[in-house]
Amino acid sequence: MMRPAHFGACLTLLIAAAPAVAQAQPRAGEWVSYRDAYRAMVLFEKYGGPKHLLVNQLQVQPQAKGVLGEGAGLVLSGKTVQTTLPLDALGRGTLPLLKAAYDENAVLAPNRALGAFSVRARVSLAPRADGAYEAADLRAGCEQALGFARHTDSSARARQCVGVRLVFARQGTPAPVRVRAGGAEQVLPVARGAAFAGDADDDFPVVSYRFGAQGAAAQVVTYNAPLAIVPLFE
C-alpha cells in the first residue's frame, strides 16, 4: 500500500509560510492527497488582501538533484478525474481546483520516479511579457506577498520586504539584468543558487535586486524571461 507524501504550504520566499500537513518522510512511488493540496492552494484563493501582482502555484520538491527534468508532471487520479499537471523547470504547476477530485479524494503522483519528495504551495511575483519592471511595482508585489505571509504565519510579522530574487533557466547564460535610474544604468551580478529555500537543486542562475539603492523611480530590465521572481524578506 502506498503512503501519502509529505505536504506543506509555504510562500515563494526564503522563509516557510505555513506548517506541514504531515511529517512522514516520503519514499519513491508515494502519492499526495489532492484534498491536502487543495486546502493549501485555496488559502490564497480565499485571502482577501491585495494579490493582483502575485501568482500561486503548486511545487514538487524532490530531495535529490536533477530528477525532475523535461516532461516531469503530476498525475491527478480519481474515479472520474484523470489528468496530468505539467511542471516547469522549478517543479511548479497550476493545480486545478476541482470539486469532483476533492469529493473523490483523488491522489497526485509524479509521472516518473523522483525518490523522496514534498509538495508545497508557492507564491511569487507575476512576470511581465516585456521584461521591464518598475521598482515601485516590484516593491508593491513584495508587500502583497508579505501581507499574505503574515496572514498565514505570525512569524512573518517581524520581517520586511528588502528586494526580489530573479531566477533564470540553467540552459545558456542569461543576458545581463540592468537597473536604469536617473539616466544611468547598472548591471546586476549573477550568482548560482536555489530558487526557493529548501530546494535540493541549488544551481540556478539568480540575480538579486534590493530596494532603495536606486530609488522608487528605478526600472529593472530583463532580456531573458525569469522562471520566477521571488520576494525577499529579512
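**Exercises on salt bridges and nonpolar cores**

In this predicted model, Glu-185 counts as partly exposed, at 44% relative accessibility.

**Exercise 1.** Determine which residues are joined with Glu-185 into one network through shared salt-bridge partners.

*Solution.* Begin with the contacts of the carboxylate. Arg-180 forms a salt bridge with Glu-185, with the closest N and O atoms 2.9 Å apart. Arg-178 also forms a salt bridge with Glu-185, and here the closest N and O atoms are 3.3 Å apart. Both distances satisfy the criterion, because a salt bridge requires a side-chain nitrogen of Lys or Arg within 4 Å of a carboxyl oxygen of Asp or Glu. Arg-178, Arg-180 and Glu-185 are thus joined into one network by salt bridges that share partners.

**Exercise 2.** Classify the two arginines of this network as buried, partly exposed or exposed.

*Solution.* The partly exposed class lies between the buried limit, under 20% relative accessible area, and the exposed limit, over 50%. Arg-178 has a relative accessibility of 23% and therefore counts as partly exposed. Arg-180, at 34%, is likewise partly exposed.

**Exercise 3.** Locate the two partners of the salt bridge between Lys-65 and Asp-202 in the chain, and state the exposure of each.

*Solution.* First, the geometry: the closest N and O atoms of Lys-65 and Asp-202 are 3.0 Å apart. Next, the location: Lys-65 lies in the loop between strand 3 (54-62) and strand 4 (73-77), whereas Asp-202 lies in the loop between strand 13 (191-193) and strand 14 (204-210). The pair, 137 residues apart, links distant parts of the chain. Finally, the exposure: Lys-65 is exposed, with a relative accessible area of 54%, while Asp-202 is partly exposed, at 37%. The salt bridges in the model come to 11 in total.

**Exercise 4.** Identify the element that gives the most to the largest nonpolar core, and describe the surroundings of Val-164.

*Solution.* The largest nonpolar core has 29 residues, and those touching the most other members are Leu-138, Val-164, Tyr-209, Phe-211, Val-220 and Phe-233. Elements that each supply at least two residues include strand 8 (117-125), strand 10 (161-167) and strand 16 (228-233). Helix 3 gives the most, with seven residues. Leaving aside neighbours within four places in sequence, Val-164 is in contact with several residues, among them Leu-125, Leu-138, Tyr-209, Phe-211 and Ile-229.

**Exercise 5.** State how many residues form the second, separate core, and name some of its members.

*Solution.* The second core has 22 residues, including Tyr-34, Leu-68, Ala-101 and Ala-106.

Definitions and conventions. Residues numbered from 1 in each chain as written. Predicted model: local features only at pLDDT ≥ 70, side-chain atom pairs only at ≥ 80, totals over all residues. Heavy atoms only, no water. Helix = DSSP H or I, 4+ residues; strand = E, 2+ residues; numbered from the N terminus. Buried < 20%, exposed > 50% of the residue type's maximum accessible area, 1.4 Å probe, protein only. Core = buried A, V, L, I, M, F, W, Y, C linked by side-chain atoms within 4.5 Å. Contact = heavy atoms within 4.5 Å.
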